[in-house]
Amino acid sequence: YVKLLKLRHENPIFRGGAYVPLDSGNPAVVAFGRRAADGQSALVVLNTSDREQAVSITGMPAGTPKLDTVLMASPSVVAPALPSFSVAPYGVVIAASSAN
């Protein structure tokens with residue numbers, strides 16, 4: 001919880017960015033995005049199951065951003081290559097792109 005609060009405090013996209021509903025292509029995985037006016041995007045993916053899940057993210061405005069920074073993940077991962085990747089059991093991935 002403390003890490004999430006710190007993430008929100010340190011990243012303006014989570015305070016003022018627009019919420020973007022996304023489709024993960026998997027009913028066990030919740031996904032949404034954030035988009036800032038400067039073009040920065042963030043992706044939040046939550047696996048709600050006890051098994052690794054494959055996802056295929058769709059719905060990002062202006063195409064699929066290249067995520068180059070993992071802001072938080074459990075377990076640790078590298079920045080996912082969109083649109084398709086896997087999420088660990090009960091895994092969380094929060095990743096961001098640089099401004100366009």
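1. A good place to start is strand β2, which is mostly covered, with five of its seven residues buried. Buried here means under 20% relative accessible area, exposed means over 50%, and partly exposed lies in between, with a 1.4 Å probe and protein chains only. Strands (E, at least two residues) and helices (H or I, at least four) are DSSP runs, numbered from the N terminus. Please keep in mind that this is a predicted model, where local features need pLDDT of at least 70 and side-chain atom pairs count only at pLDDT 80 or more, while totals for chains, interfaces and linings use all residues. Residues are numbered from 1 along each chain as its sequence is written, and side-chain values use heavy atoms, with hydrogens and water left out.

2. Next, the main sheet. Five strands make up an open sheet with antiparallel pairing, in the order β1-β2-β3-β7-β5. The edges are held by β1 (18-21) and β5 (69-74), each with a single partner strand, so one side of each has no neighbour in the sheet. On average, neighbouring strands are turned by 15° against each other, direction ignored. Two strands count as paired if DSSP finds at least two bridges between them. Axes are lines fitted to C-alpha atoms, for helices over the stretch in contact, and angles run from 0 to 180 degrees between N-to-C directions.

3. It helps to walk across the sheet from β1. This strand pairs with β2 in the antiparallel sense over four bridges, and valine 20 stands opposite glycine 33 in β2. Strands β2 and β3 are joined, again antiparallel, over seven bridges, with glycine 33 opposite leucine 43 in β3. The hairpin of β2 and β3 has five residues between the strands, and glycine 39 in it takes a positive phi near 100°.

4. What lies around leucine 43, in strand β3 (residues 41-47)? Leucine 43 counts as buried, at 1% relative accessibility. Leaving aside neighbours within four places in sequence, its contacts (heavy atoms within 4.5 Å) include Phe32, Ile57, Leu67, Leu82 and Phe85. Alanine 95 is 52 residues away from leucine 43 in sequence, yet their C-alpha atoms are 5.3 Å apart.

5. Valine 29 is another residue worth a look, this time in strand β2. Valine 29 is buried, with a relative accessible area of 6%. Beyond its neighbours within four places in sequence, valine 29 touches Ser24, Val45, Leu46, Asn47, Gln53 and Val55. The C-alpha atoms of valine 29 and serine 49, 20 residues apart along the chain, are separated by 7.8 Å.

6. At the other edge, β5 and strand β7 (residues 92-96) pair in the antiparallel sense over five bridges. Serine 74 has valine 92 in β7 as its bridge partner. Helix α1 (residues 2-10) packs on the sheet and touches β5 and β7, its direction making about 165° with that of β5. Serine 74 is also joined to proline 75 by a cis peptide bond, with omega about -5°, and proline 75 lies in the loop between β5 and β6.

7. There is one aromatic pair by the rule used here: rings of Phe, Tyr and Trp (its six-membered ring) pair if their centres lie within 6.5 Å, and planes under 30 degrees apart count as stacked, over 60 as edge-to-face and the rest as tilted. The rings of tyrosine 19 and phenylalanine 32 have centres 5.6 Å apart and planes at 35°, so the pair is tilted. Tyrosine 19 is in β1 and phenylalanine 32 in β2 (residues 29-35), so the pair ties together parts 13 residues apart in sequence. Tyrosine 19 is exposed at 52% relative accessible area, whereas phenylalanine 32 is partly exposed at 22%.

8. Please also check the pairing outside the five-stranded order. Strand β4 (residues 53-56) and β6 pair in the antiparallel sense over four bridges, with glutamine 53 and valine 87 as bridge partners. In strand β6 (residues 84-87), Phe85 and Val87 form the covered face, while Ser84 and Ser86 form the uncovered one.

9. One last backbone detail concerns tyrosine 90, in the loop between β6 and β7. Phi of tyrosine 90 is near 55°, a positive value in a residue other than glycine. Is tyrosine 90 buried or exposed? Tyrosine 90 is exposed, with a relative accessible area of 54%.
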